[in-house]
Amino acid sequence: MLVTRQGPDRAYMLATAYEFGLYPLEGAIVFLTHESEIVRTDTSNDIGEVEFDEIVPGVYGISGEVLHYSSVSYLPDSIWAGEYITDLRIEFRTLEFEDDIPNTSSPHRFEPIHGIWAITEDAQHPEAHSTPNVYKGVDSSSNESAIALCEPEAHKFLIEAKLKVEESSGPTWQAGIIFRYQDEYNYCSFTISPETTFCSQVINGQHTYTRIKVHESTAGTWQCLLVECHEMYSMMKMYIDDDVIFSLTDNIFTGGKVGLIASDNDQPSPVFVNFDDVTLDLTQPYVQ
Ligand SMILES: [Ca+2]
Ligand SMILES: [Ca+2]
């Protein structure tokens with residue numbers, strides 16, 4: 001990128017927009033703000049870069065927006081005369097499904113594997129999720145679960161998803177996050193059900209609960225599930241609404257895809273699950 005020569009009384013900033021903490025993101029609109037007013041705007045190029053030159057020293061905030069992702073903003077900070085900033089990261093990590101085509105089964109970065117998936121509307125509880133669009137998974141199959149996978153391969157990662165099981169679902173529902181997905185016969189999952197939460201392994205098609213905990217979940221209520229997998233691919237923590245539910249070491253698979261699951265546990269009672277605000281970071285966790 002061509003760098004304009006700066007006067008000593010001005011500053012320069014090069015920032016890079018990232019998707020999932022890892023992939024440079026083109027087309028992000030980045031704003032430089034001063035006292036809540038937008039003073040400069042640039043759109044990220046094909047390597048995710050935005051550039052602001054000849055900046056008058058002062059206190060500036062930075063915010064960004066791009067198709068499919070939650071907007072981001074960073075607290076105002078001082079930019080000094082003569083300062084030359086090149087390492088600023090603008091992180092887009094949360095998919096809101098608001099910019100996806102209604103009824104599509106494959107919203108940005110997602111692909112359904114089993115079950116029926118579609119972008120639909122659920123405008124209720126606007127305080128709990130980005131409205132109106134959700135990514136709905138339906139399982140009414142007697143021998144498989146509804147699964148949708150997120151596109152990139154994940155080794156160390158953080159994935160968070162909000163979900164609401166619809167009250168019309170049968171009583172045997174299970175819903176949550178899958179990870180380390182190799183194929184439909186080999187993966188791990190973290191799921192909730194009406195009275196219990198589970199950490200599971202499916203190996204060569206054999207399903208085993210590796211952790212079980214009593215935890216009530218109510219259909220019709222939004223909850224937030226999070227799985228993080230630490231360095232060395234083996235330390236895992238799982239959370240519901242910020243409470244640690246499971247903490248374990250498990251090196252059964254060293255990588256794999258992450259995704260969403262809705263299941264009726266092979267009962268003749270369909271399950272409908274609305275997922276929203278899926279956050280993925282492939283550079284996490286930074287700590288521990
Ligand atoms: Ca949404
Ligand atoms: Ca099923």
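User: Hi! Which residue of β4 is the bridge partner of F31?

Analyst: Happy to help! It is T41. Please keep in mind that this is a predicted model. The bridge belongs to a set of six that pair strand β3 (residues 29-34) with β4 in the antiparallel sense.

User: What makes β3 and β4 count as paired?

Analyst: Two strands pair if DSSP finds at least two bridges between them. For β3 and β4 there are six bridges, so the pair meets that requirement.

User: In what order do the four strands of the open sheet stand?

Analyst: The order is β4-β3-β6-β7, and the pairing is antiparallel.

User: Why are β4 and β7 called edge strands?

Analyst: Because β4 (37-43) and β7 (72-79) each have a single partner strand, one side of each is left without a neighbour in the sheet. On average, and with direction ignored, neighbouring strands here are turned by 25° against each other.

User: Which strands stand at the edges of the open sheet of seven?

Analyst: In that sheet the order is β10-β13-β22-β15-β16-β17-β18, again with antiparallel pairing. The edges are β10 (110-114) and β18 (206-214); each has a single partner strand, so one side of each lacks a neighbour in the sheet. Here the average turn between neighbouring strands is 20°, direction ignored. Inside the sheet, β15 (residues 174-183) and β16 (residues 186-192) run antiparallel and are joined by six bridges, and I177 has F190 of β16 as its bridge partner.

User: How do you know that Y18 counts as buried?

Analyst: A residue is buried if 20 or more other C-beta atoms lie within 10 Å of its own. Y18 has 20 C-beta neighbours inside 10 Å, so Y18 counts as buried. This residue is found in strand β1 (residues 11-19). Beyond the neighbours within four places in sequence, the contacts of Y18 are Y23, P24, L25, G48, R89, I90, E91 and F92.

User: What makes Y18 and S70 no contact partners, given how far apart they are?

Analyst: S70 is not among the residues listed for Y18. Their C-alpha atoms are 13 Å apart, with their positions 52 residues apart in sequence. The contact cut-off itself is set on C-beta atoms, within 7 Å.

User: Why is strand β23 called largely enclosed?

Analyst: Of the 11 residues of β23 (residues 271-281), 10 are buried, so the strand is largely enclosed by the rest of the structure. For the protein chain, 36% of the 288 residues count as buried.

User: How many bridges join β14 to β23?

Analyst: Seven bridges join β14 (residues 157-165) to β23, and the two run antiparallel. K164 has N274 of β23 as its bridge partner. N274 is also the bridge partner of K136, and β12 (residues 133-139) pairs with β23 in the antiparallel sense over five bridges. Strand β9 (residues 94-95) pairs with β23 too, over two bridges, and T94 stands opposite T279.

User: What makes β9 and β23 count as a pair with two bridges?

Analyst: The requirement is at least two bridges; β9 and β23 have two, so they pair.

User: Which residue of β19 does I159 stand opposite?

Analyst: I159 stands opposite V227. Their strands, β14 and β19 (residues 223-229), pair in the antiparallel sense over seven bridges. Next, five bridges join β19 to β20 (residues 235-240), also antiparallel, with M236 as the bridge partner of C229.

User: Which residues have the most contacts inside the largest nonpolar core?

Analyst: They are A17, I159, I177, I178, F179, V227 and V258, in a core of 68 residues. The core draws at least three residues from each of domain 1 (11-92) and domain 2 (95-281). For A17, contacts beyond four places in sequence include P24, L25, V50, V66 and F92.

User: How many residues of domain 1 are in contact with domain 2?

Analyst: Six residues of domain 1 touch seven of domain 2. By class, the domain 1 side has three nonpolar, three polar and no charged residues. The C-alpha centres of the two domains lie 32 Å apart.

User: How many helices and strands are there in the protein chain?

Analyst: Zero helices and 23 strands.

How values were computed: Residues numbered from 1 in each chain as written. Chains lettered and ligands numbered in written order. Predicted model: local features only at pLDDT ≥ 70, side-chain atom pairs only at ≥ 80, totals over all residues. Domains from an automatic or database assignment. Contact = placed C-beta atoms within 7 Å. Nonpolar A, V, L, I, M, F, W, Y, C, P; charged D, E, K, R; others polar. Core = buried A, V, L, I, M, F, W, Y, C linked by C-beta atoms within 7 Å. Buried ≥ 20, exposed ≤ 12 C-beta atoms within 10 Å, placed from the backbone. Axes fitted to C-alpha atoms, helices over the stretch in contact; angles between N-to-C directions.
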